[in-house]
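Here are a few worked exercises to try with the model open beside you. Attempt each task before you read its solution.

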Amino acid sequence: MADQHPNWLSFMAHARAMRRKAIDSGDQGYGAVIVKDGEVVGWGPSRVVVNGDPTAHAEMEAIRDAARRLKTTDLSGCVMVSTSHPCPMCETAGYWAHLDELIHGADAVSSGAPVYQRC
């Protein structure tokens, strides 16, 4: 999948914008987006603090937003781009959502397809 859209850094700019939104709202500095066919289809700033929800990580918020927008829980063909390496909860959510790939960090590094992690 990364070969089809080699400029993951441009999508990382969107994830960083979500990070900035999280910080500006008083939350933790994490952001994520879900990309499908070269378009952002899900947005996620961290909302753990502002929502009082320990599961409202940026990656979880982006998955939830993409599922709502695409009207499906099957996000096959999608890639998550996040400002940091997803935690085990978020990677497992990506696995259950059938994401194709995880891209993370300032250098937009791929860690491949998400794997099921026993938390």
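**Exercise 1.** Decide whether Asp24 is buried, partly exposed or exposed, and find the side chain that meets Asp24 in a salt bridge.

*Solution.* Step one: Asp24 has a relative accessible area of 57%, so Asp24 is exposed; buried means under 20% relative accessible area, exposed over 50%, and partly exposed in between, with a 1.4 Å probe and protein chains only. Step two: the partner of Asp24 is Arg20, at 3.1 Å from N to O. A salt bridge here is a side-chain nitrogen of Lys or Arg within 4 Å of a carboxyl oxygen of Asp or Glu. Step three: both residues belong to helix H1 (residues 8–24), where they are four residues apart, about one turn of the helix. Arg20 is partly exposed, at 43% relative accessibility.

Before you go on, two notes on the basis. Residues are numbered from 1 along each chain as its sequence is written, and side-chain values use heavy atoms, leaving out hydrogens and water. This is a predicted model, in which local features need pLDDT of at least 70, side-chain atom pairs count only at pLDDT 80 or more, and totals for chains, interfaces and linings use all residues.

**Exercise 2.** Describe helix H3 (residues 58–70): its span, its buried residues and what covers them.

*Solution.* Begin with the span. H3 has 13 residues and reaches 18 Å from its first C-alpha to its last, close to the 18 Å expected at 1.5 Å a residue; the expected span is 1.5 Å times one less than the number of residues. Helices (H or I, at least four residues) and strands (E, at least two) are DSSP runs, numbered from the N terminus. Next, list the buried residues: Ala58, Glu59, Met60, Glu61, Ala62, Ile63, Asp65 and Ala66. Their cover includes strands S1 (31–36), S2 (39–45) and S3 (78–82), together with helix H4 (88–96). Finally, look just past the end of H3, where Lys71 takes a positive phi of about 55°.

**Exercise 3.** Which residues form salt bridges with Glu61 and Asp65?

*Solution.* Take Glu61 first: Arg47 is a partner, with the closest N and O atoms 2.7 Å apart. Because Glu61 lies in H3 and Arg47 in the loop between S2 and helix H2 (48–51), the pair ties together parts that are 14 residues apart in sequence. Glu61 is buried at 9% relative accessibility, while Arg47 is partly exposed at 25%. Now turn to Asp65, which pairs with Arg69 at 2.8 Å between the closest N and O atoms. These two residues of H3 are four apart, about one helical turn. Asp65 counts as buried, at 11% relative accessibility. To finish, salt bridges that share partners join Arg47, Glu61 and Arg64 into one network. The structure holds five salt bridges.

**Exercise 4.** Work out the strand order of the sheet and which strands stand at its edges.

*Solution.* The sheet is open, has five strands with mixed pairing, and follows the order S2-S1-S3-S4-S5. S2 and S5 are at the edges with a single partner strand each, so one side of each has no neighbour in the sheet. Two strands pair if DSSP finds at least two bridges between them. For S4 (residues 101–104) and S5, which run antiparallel, there are two bridges, and Ile103 stands opposite Ser110 in S5.

Key: Contact = heavy atoms within 4.5 Å.
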